[in-house]
Amino acid sequence: MLLKTINSKILMKQGIESNSPILISSSKESFDDVASSIGVLVVIILEQFSSIIPIFKYADIVGGVIIGLLIIRTSIHLLKDNVISLIGQTEENEQITEKIKEIVSEFKSIKFSSLKLIKNGTYYQAEIEINCDDNMRIKQLLKIEKNIISKIKSHNLDIKYVDVDVVPREN
């Protein structure tokens, strides 16, 4: 139990430092393992006194139900946390949003329209929508899109994937 507690603390520290929801979930699961082990130990001790105190003969049943509920609760939390981390979750980050707006504003022929940040584990995926004039050439737009992606990735914003959608401005 002592080693599992130490393991839980180390996982939590590493999870916070690396901003990893999976490590943080694993830390919580390790801590819940310690709690269920303590519960089993308490049940074993109470069972030893069941001949003296008759109600303690039910400690096994009550302890089993409580530990079972703890395991179910832990499983649901692990499933929820890890699935969200794997499939991505929309998140707002003002610092990243402002930096992306600043990068897009460097290009005078387009206008920033919207941004969607999706958190996938330790990194983001950015979906940016920009507006352009109807008369812009595709070659120009592709060059601008490539430059935007390159600049965003060069700023170490924890953005791994960038998708730029170009929508014509309405007159």
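**Entry 1: H1 and H2**

I looked first at how helix H1 passes helix H2, and I found a left-handed crossing. I am working from a predicted model. H1 covers residues 2–17 and H2 covers residues 21–48. I read an angle of about 165° between them, with their axes 8 Å apart. Roughly antiparallel starts over 145 degrees, so H1 is roughly antiparallel to H2.

Next I listed who makes the contact. From H1 I noted Lys-4, Thr-5, Asn-7, Ser-8, Leu-11, Met-12, Gln-14, Gly-15 and Ile-16. From H2 I noted Leu-23, Ile-24, Ser-26, Ser-27, Lys-28, Ser-30, Phe-31, Asp-33 and Val-34. I then sorted the contact of H1 with H2 by class: 7 nonpolar, 8 polar and 3 charged residues.

**Entry 2: Ser-8**

I picked one residue from that list. Ser-8 lies in helix H1. Is Ser-8 buried or exposed? I looked up its relative accessible area, which is 6%. Buried means under 20%, so Ser-8 is buried. Leaving aside neighbours within four places in sequence, I found Ser-8 in contact with Ser-27, Ser-30 and Phe-31. Those three partners are also among the H2 residues of the contact.

**Entry 3: the largest nonpolar core**

I moved on to the largest nonpolar core, which has 22 residues. Which residues have the most contacts inside it? I wrote down Ile-100, Ile-110, Ile-128, Ile-148, Ile-152 and Ile-159. Then I checked which elements give two or more residues to this core. They are helix H4 (94–105), strand E2 (110–120), strand E3 (123–132), helix H5 (138–154) and strand E4 (159–168). E3 gives the most, with 5 residues.

I followed up on Ile-128. I again left aside neighbours within four places in sequence. Ile-128 touches Ile-100, Phe-112, Ser-114, Leu-115, Ile-148 and Ile-152, among others. Its list also includes Val-162, Asp-163, Val-164 and Asp-165.

**Entry 4: the loop between H5 and E4**

Last, I checked backbone angles in a loop. Asn-156 lies between H5 and E4. I noted a positive phi of about 50° there, although Asn-156 is not a glycine. Asp-158 is found in the loop between H5 and E4 too. Its phi is near 60°, also positive in a residue other than glycine.

Are these residues buried or exposed? Asn-156 has 69% relative accessibility. The cut-off for exposed is over 50%, so Asn-156 counts as exposed. Asp-158, at 51%, counts as exposed as well.

Note on methods:
Residues numbered from 1 in each chain as written. Predicted model: local features only at pLDDT ≥ 70, side-chain atom pairs only at ≥ 80, totals over all residues. Heavy atoms only, no water. Core = buried A, V, L, I, M, F, W, Y, C linked by side-chain atoms within 4.5 Å. Buried < 20%, exposed > 50% of the residue type's maximum accessible area, 1.4 Å probe, protein only. Helix = DSSP H or I, 4+ residues; strand = E, 2+ residues; numbered from the N terminus. Contact = heavy atoms within 4.5 Å. Axes fitted to C-alpha atoms, helices over the stretch in contact; angles between N-to-C directions. Parallel < 35°, antiparallel > 145°, perpendicular 65-115°, else oblique. Left-handed = near helix turned anticlockwise from the far one by under 90°. Nonpolar A, V, L, I, M, F, W, Y, C, P; charged D, E, K, R; others polar.
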